[in-house]
Amino acid sequence: MSTTIAIPNETLARTGIAATLPAPAPLADTDRKPLTKKETAADHPTWCPGCGDFSVLALYYKLIEKRKIHHENICTVAGIGCSSRFPYFVQAHGAHFIHGRALAFASGVSLSRPDLHVFVFGGDGDAFSIGGNHFTHTARKNVKMTYVVMDNFVYGLTKKQTSPTSPLGFKSKTDIGGSTDRPINPMKQAISAGATFVARCTATNVAHLLKTMEAAMDHDGFSFIECLSECVEFYPGAFDASNPRKGGQFAEVSKDHDVTDEYAAYKLADTAWPGQFGIFYQADRPTKNANEAKLIADHREKVNGLEDWQILQKSFARMK
Ligand SMILES: Cc1ncc(C[n+]2csc(CCOP(=O)(O)OP(=O)(O)O)c2C)c(N)n1
Ligand code: SF4
Ligand SMILES: [Mg+2]
């Protein structure tokens, strides 16, 4: 028989209500030994040597160890693509789902299990092309999760087609003479859709990426990071301009930038290539998780605390 207890988790605290849900395990359990990389790493990554995605994976292991997160407290979800192979390489609960549909799957996990932190990883095609609609709606609904898009400006897995972030003139199998379609700006897209945490990083500046992943995880809402991650096979050198080791410049968002100012964030997103890096926008807005928890609690009050099966039984009885 399952036991239930009243929990003061963050979602419920925000709505100011108490409800009866399965007892959550704390995200960070200080009494237990942190998981080491050896315990978190699964299959050997099948990415090409030098692929930018390796850094993101290594930092995810580091984040899990640093923040003492255990397997049962985290869920790792992805769509399809090179970057989306991510969950295979993590020894944790998660899913390698359908191309472009990772956010829909992750939303279900997040809404039904407020005690977990859901991390979603994927590529630019997965996020902004086939999954573009899900990106917009998950952002506007502010479903609590962290979404890291490993943006390489190309379809890697399917061997070099133009992606929604490929720059004008990019030659690919789908644009042999060079792309003529204006690329999307993921930061503008995220801000205007209503994401409540919007940040930009590179896979080559690992300290900055880890710091940002931590801040994203701590954000109560939909947190989005665009991480420039080089595809050494089909778009080598794409991000050299943002890498000081390759003669580029890594310009961090100024400390004076007001992250709550949506228009200032939009302006930052318009900075000339290679742009700026850091948190562009962060807002405190009720999550879909909190709104749904309140809705459920309000309805429960109306049915005098009946168990789910009793409510179902009553509904069926009415249909007879
Ligand atoms: C429904 C569906 N359409 C198309 C594909 C083929 N497909 C697989 S991955 C991919 C694009 C991958 O690009 P991206 O999301 O940028 O990831 P990357 O490989 O660059 O990391 C496509 C078109 C598919 N697997 N499923
Ligand atoms: S094809 Fe590109 S994105 Fe895919 S693993 Fe190789 S380098 Fe990485
Ligand atoms: Mg890609």
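The legends below describe several views of one predicted protein model with two ligands.

Residues are numbered from 1 along each chain as the sequence is written, while chains are lettered from A and ligands numbered from 1 in the order in which they are written. Because the model is predicted, local features need pLDDT of at least 70 and side-chain atom pairs count only at pLDDT 80 or more, whereas totals for chains, interfaces and linings use all residues.

**Figure 1. The whole protein, with 11 helices and 12 strands.** Helices (H or I, at least four residues) and strands (E, at least two) are DSSP runs, numbered from the N terminus. The C-alpha trace spans about 65 × 45 × 40 Å along its principal axes. The radius of gyration, taken over C-alpha atoms, is 21 Å, which agrees with the value near 20 Å for a compact globule of 320 residues. That globule value follows the rule of 2.2 Å times the number of residues to the power 0.38. Of the 320 residues, 40% count as buried, meaning that 20 or more other C-beta atoms lie within 10 Å of the residue's own; with 12 or fewer a residue is exposed, and in between it is partly exposed, the C-beta atoms being placed from the backbone.

**Figure 2. Strand 3 (residues 74-78) and its neighbours.** Five of the five residues of strand 3 are buried. Ile 74, Thr 76 and Ala 78 lie on one side, Cys 75 and Val 77 on the other. Strands count as paired if DSSP finds at least two bridges between them. Strand 3 pairs in the parallel sense with strand 5 (residues 117-123) over five bridges, and also in the parallel sense with strand 4 (residues 93-96) over four. Ile 74 stands opposite His 117 in strand 5, and Thr 76 has Gly 94 of strand 4 as its bridge partner.

**Figure 3. The largest nonpolar core, with 70 residues.** Such a core is a set of buried Ala, Val, Leu, Ile, Met, Phe, Trp, Tyr and Cys residues joined through C-beta atoms within 7 Å. Val 77, Val 120, Val 198, Phe 224, Cys 227 and Phe 280 have the most contacts inside the core. Helix 3 (residues 53-66) gives the largest share, six residues. Leaving out residues up to four places away in sequence, Val 77 touches several others, among them Pro 87, Phe 97, Phe 105 and Val 120; a contact requires C-beta atoms, placed from the backbone, within 7 Å.

**Figure 4. The surroundings of ligand 1.** The shell holds 18 residues, and the closest are Gly 81, His 99, Gly 123, Gly 125 and Gly 156. A residue is near a molecule if its C-beta atom, placed from the backbone, lies within 6 Å of it. Helix 5 (124-128) and strand 7 (154-155) each give two or more residues, with helix 5 giving the largest share, three. By class, seven residues are nonpolar, nine polar and two charged.

**Figure 5. The surroundings of ligand 2.** Residues around this ligand include Trp 47, Cys 48, Cys 51, Cys 82, Gly 156, Cys 231 and Glu 233. The shell has eight nonpolar, two polar and two charged residues; Ala, Val, Leu, Ile, Met, Phe, Trp, Tyr, Cys and Pro count as nonpolar, Asp, Glu, Lys and Arg as charged, and the others, Gly among them, as polar.

**Figure 6. Glu 233, in the loop between strand 10 (222-228) and strand 11 (251-252).** Glu 233 is partly exposed because 17 other C-beta atoms lie within 10 Å. Not counting residues up to four places away in sequence, Glu 233 touches Cys 48 and Gly 156.

Methods: Contact = placed C-beta atoms within 7 Å.
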